[in-house]
Amino acid sequence: MYLKGAINLDLTKLLPILAEGFLVSIKIFGLTLLFSIPLGFVVSALKMCKIPPIRWIINAYILIMRGTPLILQIMFIYFAPTMLFKADAPPDRFWAVIVAFSINYAAYFAEIFRGGIQAVPKGQFEAAQILGFSKMQTFFKITLPQVIKTVLPSIGNEVITLVKDTSLAQVIAVSELFALAKKQASTQFSVMPLFVAGVFYFVFNWLVTVLFDLGEKKLSYYK
Amino acid sequence: MAMLEVRNLRKCYGDLEVISDISFDVNEGEVLSVIGPSGSGKSTMLRCINQLERITSGTVCVCGENMITGEKNGEAVYASADVLKKIRRNVGLVFQNFNLFPHFSVLRNITEAPVSVLKIPREKAEEKAMELLGKMGLADKAKSYPCELSGGQQQRVSIARALALSPQMLFFDEPTSALDPELTGEILAVIKELAAEKMTMVIVTHEMAFARDVSDRVIFMDGGVIVEEGAPSELFGNTKNERTKQFLKRYSENTFKEDK
Ligand SMILES: Nc1ncnc2c1ncn2[C@@H]1O[C@H](COP(=O)(O)OP(=O)(O)O)[C@@H](O)[C@H]1O
Ligand SMILES: [Mg+2]
């Protein structure tokens with residue numbers, strides 16, 4: 001009986017609902033990248049800085065971000081203001097998610113960038129210095145392009161994981177794709193909505209993979 | 001006129017004194033070769049003069065500009081950033097490992113600094129780069145990337161890159177040491193040509209025959225000091241110094257072994 005229901009399910013009604021959730025997922029995805037990538041660069045720079053206390057703080061931050069579940073971090077950002085700090089109202093759910101995702105992914109990106117920057121041979125910086133490039137010019141003209149090439153595959157991995165991780169936002173009842181699909185599945189007694197949601201994630205990640213492959217190919221003109 | 005005056009140069013890494021009290025001059029249009037065993041401080045000396053390392057004490061004067069203004073608590077005090085920049089523009093350094101920028105084409109490797117540091121218009125910089133590439137016999141490689149070139153070609157590009165900034169003086173740190181033996185000739189030929197044009201140069205090298213041929217003066221360094229300084233005919237021909245003799249003897253033995 002349930003199976004029959006699954007087959008008869010009205011896709012024209014289901015798709016718009018899921019598309020709406022998907023839009024929220026994409027927003028989480030896009031905003032997270034927008035904030036976490038520059039933040040990751042800052043964190044990697046701080047981690048390589050010469051002042052020990054700053055390095056200790058950054059190390060602790062990276063350890064916590066990578067050592068605890070993201071789902072827990074999302075809950076902490078959402079509940080801590082009211083439960084720990086006696087705030088009057090909890091923060092906006094959506095922005096709590098963005099904050100949690102951004103600081104979490106920044107930690108991962110920071111470690112990837114650090115690896116990429118340290119992979120640039122010392123001679124590159126010395127040549128730049130001898131030729132008279134300023135620190136800014138050296139970073140943007142010499143370091144960054146080479147870092148991008150080395151980190152692109154690892155960044156691709158993280159970005160694909162991020163697409164799937166957006167589903168964790170449901171833990172504080174943000175109506176993203178997975179949350180809506182689950183709701184539809186239970187009201188309609190069908191696994192079809194979940195399956196369709198899976199197709200959404202899959203197709204999107206397929207696109208992401210194609211884009212990163214393209215980027216890697218474009219940067220394969222040297223070395 | 002002395003283009004370069006080094007006085008009482010000392011460089012320590014912590015407690016390790018790598019260069020102790022070195023003084024020498026290089027005159028305009030002169031070619032000075034620096035020879036000596038590995039670890040004797042030759043690279044460190046070049047790196048100190050080119051501001052890649054902080055000197056511990058002593059003075060360095062390039063084209064009349066003092067890099068060091070004094071001493072405080074036993075540490076050299078550097079001149080203002082403006083002066084250091086000016087000095088930087090007067091000198092060029094060619095590295096043992098070329099250090100070309102892998103993501104730039106050959107042409108861009110040469111033009112990037114003139115365009116973004118000296119603010120020369122791109123067309124002008126490219127014109128000059130092509131001229132330099134022609135001189136290096138690499139005019140057809142302008143659009144290639146460093147990874148597509150042989151070591152010798154890469155080193156010629158890096159020489160062109162240094163020359164593109166029209167330095168008053170050029171330093172070479174073992175420019176042929178990373179090259180296969182059959183490729184060293186092309187680099188030495190380029191340096192000889194520069195010498196013929198009266199380019200002021202300081203060349204750290206293990207190519208004794210070349211040093212004898214091209215230099216006006218030779219310095220032999222060992223253990224962070226200048227052991228002997230003189231005309232190539234003196235130093236290579238009939239040195240009285242025991243350490244120099246031993247080094248040159250060991251060197252010719254090694255070269256002989258390699259040849260076999
Ligand atoms: N960054 C550094 N820290 C400590 N010691 C160094 C450093 N760089 C060079 N040295 C030491 O300085 C000495 C001279 O090195 P170098 O100038 O490279 O000699 P050369 O170029 O004549 O072979 C060596 O004993 C080397 O180990
Ligand atoms: Mg050396």
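## Charges in chain B

Here Lys and Arg count as positive and Asp and Glu as negative, while His and the chain ends are left uncounted. Each charge is placed at NZ of Lys, CZ of Arg, CG of Asp or CD of Glu. In this predicted model, the 32 positive and 37 negative charges of chain B have mean positions 3 Å apart.

## How the model was read

Residues are numbered from 1 along each chain as its sequence is written, and chains are lettered from A and ligands numbered from 1 in the order in which they are written. Local features need pLDDT of at least 70, side-chain atom pairs count only at pLDDT 80 or more, totals for chains, interfaces and linings use all residues, and side-chain values use heavy atoms, without hydrogens and water.

Chain B averages a pLDDT (the predictor's confidence in each residue, from 0 to 100) of 93, and 97% of the residues score at least 70. The model has an ipTM of 0.93 and a pTM of 0.88.

## Overall build

You will find nine helices and twelve strands in chain B, taken as DSSP runs (helices H or I, at least four residues; strands E, at least two) numbered from the N terminus. The C-alpha trace of chain B spans about 55 × 50 × 35 Å along its principal axes.

## A look at B:Asn90

B:Asn90 sits in helix α2 (residues 81-90) of chain B. With 18% relative accessibility, B:Asn90 counts as buried (under 20% relative accessible area; exposed is over 50%, partly exposed in between, with a 1.4 Å probe and protein chains only). Leaving aside residues up to four places away in sequence, B:Asn90 touches B:Val62, B:Cys63, B:Pro167, B:Gln168 and B:Met169, where contact means heavy atoms within 4.5 Å.
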